[in-house]
Amino acid sequence: MHQGNFNLDISLEEISKIEGAASLDIKIRNNKIEDLKFAIAEWKRFYTQAIKNKPVMAIPQLVSRICGTCSNAHLLTNIQAIENALNITPSEQTVVLRKLLYYALIIRDHALHDYVFSLPDVFKKGSILDFDENDPIQHELLHDTFEVKEVGNQLAILTGGRSVHAPMPTINGFLKLPKIEDLKKLLPTLQIIRPKVIKLIEIFAQAPFDYTLKAPVIDVALVSKDFSFLDGIIKTSDGQTIEKKDFRQYLDRVVIPYSHAKGYTFKGKLMAVGALPRLNLGKEYLHPKTKESTAQYLKLFPSKNFYLNNIAQAIEIIHAIDHSTEIIENLKEIKNETLQRPTIVESVGVGVIEAPRGTLYHKLEIGANGLIKRGEIIVPTGQNQIVIEKGIFELVDRMLEKGQPTKDEIINEVENFIRAFDPCMSCASHFLKVNWQ
Amino acid sequence: MTKKTRIGWFTFTCCEDSTIMFAELLNIHYKDWLPKIEFVHARVFRKEPKGDIQPMDIAFVEGAIMSDAQEVKLKKIRAQAKILVAVGSCAVTGSPSNARNFFNQENINEIKDILEKFKYKEKVLKLADVVKVDEVVPGCPMNEQIFLAVVNKYLNASR
């Protein structure tokens with residue numbers, strides 16, 4: 001315990017190596033945190049208003065622009081909401097190809113987070129680009145970073161036309177289908193990156209970080225039998241099971257006066273979504289090969305140590321590799337399915353998927369004229385915002401109990417914690433409250 | 001040793017799709033680019049240097065301008081960059097981040113409190129509304145081929 005009064009003011013305008021802009025202000029007086037504000041600093045683009053009175057067919061591509069990072073998650077959730085509203089059941093082939101497109105996102109987005117954002121913290125480097133080419137381990141990791149991401153990128157280009165704002169997926173199918181021979185050619189590359197990601201898990205498992213929260217937190221995730229992120233039922237760590245259509249009524253909106261975006265609680269309780277809650281709630285549904293190769297690390301879950309989110313994401317990359325491999329190996333043909341134009345009726349639809357950073361909710365109200373009457377979108381970072389702030393508070397409080405940390409020590413530790421959560425500020429700042437009558 | 005080209009990558013209001021496209025382009029170009037480039041500013045890859053905007057050979061800027069503070073920062077970037085490249089649709093045209101520029105009164109009324117509280121600019125601006133732009137890479141996300149052409153033009157020219 002340190003002596004005397006300890007005062008410190010920390011103001012971080014833009015936290016580096018995360019998606020989008022977040023800010024943090026901490027005021028320490030007499031060894032105690034007097035004030036702490038974690039705020040989303042992105043300026044709103046008001047997509048909820050922008051989609052009003054626009055034709056339903058145009059909405060998936062428009063809302064994909066909420067976030068470049070996880071655009072294909074928004075795209076597929078929105079398509080799901082429209083199909084739910086219009087009573088459309090996509091073909092088996094469409095479902096399979098969407099899974100491949102989604103696994104491509106999991107591989108490249110989790111790899112971006114784990115390698116580019118989080119790994120430098122383990123090696124006490126400012127950037128992956130500063131990794132020492134003359135150090136064999138760092139040299140290899142730098143090359144792994146780009147090789148792993150590229151396989152995800154190529155799978156996305158083949159199945160969706162592009163990694164970002166994929167142009168091919170649409171309501172009830174795909175505008176253009178991939179060639180089966182091109183998908184088969186990807187099989188060896190998926191196997192090349194697999195051991196690289198296993199190695200990444202080992203590195204994170206040896207890192208000395210522990211961000212276990214004392215406060216009670218409810219984990220929430222959409223859990224499916226094949227861990228496909230796109231379907232299933234919502235489960236919580238306190239044993240609740242919720243249908244997708246009912247999810248909204250469990251989320252309480254919290255106005256955070258200093259943040260551009262709103263936070264959410266789960267019926268007034270702290271909640272968390274993302275890879276860690278997904279593994280906590282559904283690890284038994286991972287691909288059998290993934291379970292076999294990562295058995296010693298899967299024992300770490302369930303956990304409240306949010307640093308393990310990095311490992312959870314890497315395990316999900318292995319699952320995406322293994323399930324994609326199985327799907328592509330079993331593909332016999334890709335049929336030329338004709339796209340049917342949907343029949344528009346006045347309706348309401350809900351889409352819920354597990355975006356890379358957690359549960360993503362889209363609701364659309366469609367008018368008989370085919371125009372959107374209203375929409376609501378709740379993103380993972382909104383659901384995590386309050387628990388992130390709580391976690392920062394506990395972390396800084398612990399550091400103050402142990403001694404007198406320097407400003408840089410606090411900033412480094414807090415940034416490391418925030419990065420482990422992998423928040424996405426672009427997503428969080430798109431919307432405005434919607435009152436459903 | 002040849003002097004590295006000093007690059008800045010900046011993001012204003014947008015979905016950061018061009019940042020992601022750039023991160024994916026690095027997958028196959030990093031071996032060629034990294035020995036030639038020094039990232040002076042690139043919040044997505046590293047901590048920002050302490051102090052103000054540093055001198056750069058090329059500043060790549062994505063996103064639209066929503067606030068006075070963003071406008072001031074963009075002017076500082078311009079002052080420190082030999083070449084300023086507007087990257088992606090929001091930087092080049094303002095859209096789709098400028099959707100509210102075209103809202104009807106009913107929609108404006110719904111968002112008025114937020115606009116006033118956080119002091120949003122009356123209209124969302126594209127980069128060229130604020131500063132001189134030397135090159136544009138349009139597209140949502142940015143067009144890869146145009147981006148590569150710009151990079152190759154200046155990377156080779158400055159060496």
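This passage describes a helix contact between chains A and B and a three-stranded sheet of chain A in a predicted model.

Helix H5 of chain A, which comprises residues 136-160, has 25 residues and reaches 36 Å from its first C-alpha to its last, close to the 36 Å expected at 1.5 Å a residue. Just after H5(A), a positive phi of about 95 degrees is taken by A:Gly161. Two packed helices are described by the angle between their axes and the distance between the axes. In the present case, the axes of H5(A) and of helix H1 of chain B (residues 17-33) come within 9 Å and cross at roughly 130 degrees, which makes H5(A) oblique to H1(B). The crossing of these helices, H5(A) and H1(B), is left-handed. On the H5(A) side, A:Phe146, A:Lys149, A:Glu150 and A:Asn153 meet B:Glu24, B:Leu26, B:Asn27, B:Ile28 and B:Tyr30 of H1(B), and by class this contact has four nonpolar, two polar and three charged residues.

In chain A, three strands form an open sheet in the order S12-S13-S14, with antiparallel pairing. Its edge strands are S12 (347-355) and S14 (372-378), each of which pairs on one side only, and the twist averages 10 degrees from one strand to the next. Strand S13(A), residues 358-366, is joined to the antiparallel S14(A) by six bridges, and A:Ile366 stands opposite A:Ile372 in S14(A).

Helices of chain A also meet these strands. Helix H3(A), residues 71-85, lies across S12(A) and S13(A) and runs at about 150 degrees to S12(A), whereas helix H11(A), residues 380-402, packs on the sheet by touching S12, S13 and S14 of chain A, its direction making about 130 degrees with that of S13(A).

Definitions and conventions
Residues numbered from 1 in each chain as written. Chains lettered and ligands numbered in written order. Predicted model: local features only at pLDDT ≥ 70, side-chain atom pairs only at ≥ 80, totals over all residues. Helix = DSSP H or I, 4+ residues; strand = E, 2+ residues; numbered from the N terminus. Expected span 1.5 Å × (residues − 1). Axes fitted to C-alpha atoms, helices over the stretch in contact; angles between N-to-C directions. Parallel < 35°, antiparallel > 145°, perpendicular 65-115°, else oblique. Left-handed = near helix turned anticlockwise from the far one by under 90°. Contact = placed C-beta atoms within 7 Å. Nonpolar A, V, L, I, M, F, W, Y, C, P; charged D, E, K, R; others polar. Pairing = 2+ DSSP bridges.
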